[in-house]
Amino acid sequence: MLGLSLGAALTVVVVAFHYARGTGWEPTADITQEVLERRASSVAETDFPEPMNRSIGGGAAAGAVPAGEGAELEGSDEAAADEESGPWDVSDDEAEYYEIEFVKQGETIEVPENEPLLDSGEEEGWDLPYACRQGQCVSCAGQITSGGNSEDYVVHDDQQMLETPELDDGYTLTCVAYPKDDFAIETGEAP
Ligand code: FES
């Protein structure tokens, strides 16, 4: 009798649990935006245009630059450096020519001030070394043997590889070297 009573009671409890309403499961709220905004508000204001990582939640979409600041960026030193003028801007009509002796090739050619030494040599049909053609390696290096710093003889268009002592020894990157005087050069000579 006792067993029957217990069994009936347990059955009632199980049925009651089955039909009881749960407390309801709620997914965890997405607080990402809230956290980003809180973090952005803790970053100090600056006068300069903000880099991407500081514009999160700052009132503008990430990476967006307000019109006024955009104008500032365009006028920045970096933009100016990118557009720096040089002999490469001189028109063919106005370009001066210089006598360049390519020692290993045994020839002297006239090279205009608006043309890199590498290009001029290639136009002669010479197989001169090069790789990047952007002043960022030393594959095209040559040595000006007329004495003194190579930049007494050429204008480099943004070469990034040669240090002052190497320039002092006459080394130049022919892919970005524009002549501004007569000189002799040995191609295929790297420091
Ligand atoms: S080819 Fe790379 S620096 Fe001239």
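1. Helices here are DSSP runs of H or I with at least four residues, strands are runs of E with at least two, and both are numbered from the N terminus. In those terms, R133 is found in the loop between α5 and β3. The model under review is a predicted one, and the points below should be read accordingly.

2. On overall composition, the protein has 6 helices and 7 strands, and their order from the N terminus is α-α-α-α-β-β-α-β-β-α-β-β-β. Of the 191 residues in the protein, 18% are buried. Among the contacts with a separation of 6 or more, 54% are between residues 24 or more positions apart.

3. On the main sheet, 5 strands form an open arrangement in the order β2-β1-β7-β3-β5, with mixed pairing. The edge strands are β2 and β5, each of which pairs on one side only. Neighbouring strands of this sheet are turned against each other by 40° on average, when direction is ignored. As general background, strands of a sheet pair through backbone hydrogen bonds, in either a parallel or an antiparallel sense.

4. On the β1–β2 end of the sheet, β1 and β2 (residues 107–112) are antiparallel over 6 bridges and form a hairpin with 4 residues between them. The turn of this hairpin contains G106, which has a positive phi of about 70°. Two of the partnerships can be checked directly in the coordinates: Y97 has P112 in β2 as its bridge partner, while Y98 has V111 in β2.

5. On the pairings of β3, this strand is joined to β5 by 3 bridges, the two running antiparallel, and A141 stands opposite L173 in β5. β3 also pairs with β7, again in the antiparallel sense and over 3 bridges, with G142 standing opposite T187 in β7.

6. On the nonpolar core, the largest one has 21 residues, and the members that touch the most others are I100, L117, C140, L173, A177 and I185. Two or more residues come from each of β1 (97–102), α5 (117–123), β3 (141–144), β5 (171–173), β6 (177–179) and β7 (183–187). Such a grouping can be set beside the general tendency, in soluble globular proteins, for nonpolar side chains to be buried together. I100 illustrates the reach of a single core member: leaving out residues up to four places away in sequence, I100 touches T108, I109, V111, L117, P179, F183 and I185.

7. Is S150 buried or exposed, given its number of C-beta neighbours inside 10 Å? S150 lies in the loop between β3 and β4 (154–156), and it counts as buried because it has 25 C-beta neighbours inside 10 Å, where the cut-off for burial is 20 or more. Apart from neighbours within four places in sequence, S150 is in contact with I144, L167, G170, Y171 and T172. S150 and F183 are 33 residues apart along the chain, and their C-alpha atoms are separated by 9.6 Å.

8. On the loop between β2 and α5, N114 is located there and counts as partly exposed because its C-beta neighbours inside 10 Å number 17. Setting aside residues up to four places away in sequence, N114 touches P87, W88, V90, D92, A95 and Y178. N114 and D89 are 25 residues apart in sequence, while their C-alpha atoms are 6.8 Å apart in space.

9. On backbone geometry, two residues deserve a look by eye. R133 is not a glycine, yet has a positive phi of about 60°; R133 is partly exposed, since 16 other C-beta atoms lie within 10 Å. D158, in the loop between β4 and α6 (164–168), is likewise not a glycine and has a positive phi of about 65°. With 13 C-beta neighbours inside 10 Å, D158 is therefore also classed as partly exposed.

Terms used. Residues numbered from 1 in each chain as written. Predicted model: local features only at pLDDT ≥ 70, side-chain atom pairs only at ≥ 80, totals over all residues. Buried ≥ 20, exposed ≤ 12 C-beta atoms within 10 Å, placed from the backbone. Contact = placed C-beta atoms within 7 Å. Core = buried A, V, L, I, M, F, W, Y, C linked by C-beta atoms within 7 Å. Pairing = 2+ DSSP bridges. Axes fitted to C-alpha atoms, helices over the stretch in contact; angles between N-to-C directions.
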